[in-house]
Structure formats: structure tokens, C-alpha cells
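Here is a short briefing for a reader new to this structure. Look over the sequence and the model, then read on.

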Amino acid sequence: MTGLAAALAAEHAAIFAYGPIGVRLDGAARREARAAEEAHRSRRDALVVLLSAEGASPPPAEPAYALPFPVTDRTSALRLAIHIEERTAAAWRAALPETTGDQRAQVLDGLIDCAVRATRWRRFAGVAPLTVPFPGRPD
Amino acid sequence: MPTAALAGCGLFDREPDPSPTPDPLAELITGALELAAQHEAAIAAHPELTSRLEPLARAHRQHAAELARISGTPTPSATPAATPTAAQPAGGDIQALLASLREAEQAGQRAAVEACRAAPAHHAALLGSIAAARATHVEVLA
């Protein structure tokens, strides 16, 4: 799978995860989750267009995705939101080397958006520090 | 013949360009060290900002070290804090100070985005992470 196809697969998984995340949140955090899900849908759509234009067949969404841990309350929902944004950031970052020009700028926007949302979720969760030195870099 | 001589003169009379092709990695290293120094100066002036700004200063120093590593230049980690280029607002106005740091991070983000866009494939991921890190710093300072 190319980096762009892997980024699309990560976006499918992120959109799925925001379902269980959203129902465990309320107020500003719930609005943030809704906005994040919308942003991931936009990125997904743009990737489908991009991959199709290149003659590649975009990987479809799975019917369901296994969550890395159960989401039972606000704390676990916020933890999953951080995890999802970090994982999606990593997928976008991994696609950077195979792109150039406007396509690279688009992929970089995807990485930046995920990194910023991860920081917002850490703030909601009261996690410190709010940032990591190299967003998307594998540990 | 006079034409050729004139053209020759013109060629040699031109001011030598000190850096015809500035190294984009060197510029990013300098920028990272300046951003680190700005946060460190802010912490020195307002120790209550330490927990908020210290991770940002440390990230910039890590960026500079990693950029130096991939460009094969001596690691700048031993370099003492550079003199902050941007003047710190006088009078201890924390809000103005944070706003100036935010502007510096935004400019740094733009520079890193440009560098990532123009970079060869083997530098794209690191430069992308640095651009993303600076975007998260803007968020922290918002």
C-alpha cells in the first residue's frame, strides 16, 4: 500500500472512532469531536479524489474497526481521541516523502491538522505537556 | 571587441553574492535556535510561564539538533542561547509577550512549511514534523 492509501485507511479508522468518542463527551469537547470528525471526512474525500485521479483504487472503509481499548467514559474517550490523532498524524507524515509540490502541501496540511487536534485533546484531557517535539514520528 | 570587453567588465564588476544558494536547513537551524532563545528569555522574565514554554523551547533545540544531524553540520546543542532577535516587550506584559511568541511561531511554521514543500524526499518527513510542531506551539500560545 502506498503512503497515500495508508493515510486514507487511517482517515477511515479515525472517522469510525469519533462515533464512540462523541457519545462519551459533552459541551465544548463534544463540539470539538464533531468538528474533528467533519475535518477527517473532508480529508478522506480529498484523498479519494487524489488517489482516483492517479489511477489508484482507493481502499474502502471497513464496516467496523477494533478500538485499541474500550471507550466507557469521558476519560477513555479523550484518550482515544489523542491516540487517533497521533496515529493519523503518523500516516500523513509517512506519505510526505512520496509526494512533491501541491500534493506534498496537501499531505502536510493533513499532518498539521492532526497534530493541532492532538494538542487540543491533550488540553481537554489535562495531559501535560500539550505538545510532542516531532508530531507523527514513530517512537 | 569593445562590446565583448564591456560584457566581460560587467561580469567581473558585479558584487559577489555572499550566499548565492542559501542552505534551507541552515536557515531552519538558525530559526529554531532563535525561537528557543525567545522562549527561554520569556521564561527568565516570567518564571510562572515555565511549564507552558519550557517544552516549546526544548522542542526547538531538539529540532535544531536533528536538522544539524541530517545536514552533517556540528550539532548546535552546545551553542549558548542565541541573543533573542525580537525585542521582548518591556514592562512585564505577559499577554503582549505571549502574542509576540505566537507571531514568531507562526512565522516559523510558514518557513518550515515552505522548506518541507521544497525539500528532497529524504528530508520531507522531518521538516513536516517541525512544521506541525510549530503549529501546535501556536495552539498552545493561543
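Outside its neighbours within four places in sequence, Leu47(A) is in contact with Leu4(A), Ala7(A), Leu8(A), Glu11(A) and Pro58(A). Keep in mind that this is a predicted model. The points below begin at Leu47(A), a residue of helix α2 of chain A, and then move outward.

**Leu47(A)**
- Leu47(A) counts as buried because it has 25 C-beta neighbours inside 10 Å, and 20 or more are enough for that label.
- Pro70(A) lies 23 residues from Leu47(A) in sequence. In space, the two are 29 Å apart, C-alpha to C-alpha.

**Helix α2 of chain A**
- This helix covers residues 27-53 of chain A.
- Its 27 residues, at 1.5 Å a residue, should span 39 Å. The end C-alpha atoms of α2(A) are 40 Å apart, so the two values agree.
- Which residues of α2(A) are buried? They are Ala29(A), Ala33(A), Ala36(A), His40(A), Arg43(A), Arg44(A) and Leu47(A).
- An α-helix has 3.6 residues a turn, so residues three or four places apart point the same way.
- The buried residues of α2(A) pack against three helices of chain A: α1 (3-23), α3 and α4.
- After α2(A) comes Gly55(A), with a positive phi near 85°.

**Helix α4 of chain A**
- With 25 residues at 1.5 Å each, α4(A) should span 36 Å. Its end C-alpha atoms are 36 Å apart, which agrees.
- Gly126(A) sits just after α4(A) and takes a positive phi of about 70°.

**Where chain A meets chain B**
- On chain A, 21 residues are in contact with 21 residues of chain B.
- Two elements of chain A each give two or more residues to its side of this contact: α3 (74-95) and α4 (101-125).
- The largest share of that side, 9 residues, comes from α4(A).
- What kinds of residue make up the side of chain A that touches chain B? There are 14 nonpolar, 3 polar and 4 charged residues.

**Chain B**
- Chain B has 5 helices and 0 strands. Along the sequence, its pattern reads α-α-α-α-α.
- Chain B has 142 residues, and 37% of them count as buried.
- Take the contacts in chain B between residues at least 6 apart in sequence: 66% of these join residues at least 24 apart.

Key
Residues numbered from 1 in each chain as written. Chains lettered and ligands numbered in written order. Predicted model: local features only at pLDDT ≥ 70, side-chain atom pairs only at ≥ 80, totals over all residues. Contact = placed C-beta atoms within 7 Å. Helix = DSSP H or I, 4+ residues; strand = E, 2+ residues; numbered from the N terminus. Nonpolar A, V, L, I, M, F, W, Y, C, P; charged D, E, K, R; others polar. Expected span 1.5 Å × (residues − 1). Buried ≥ 20, exposed ≤ 12 C-beta atoms within 10 Å, placed from the backbone.
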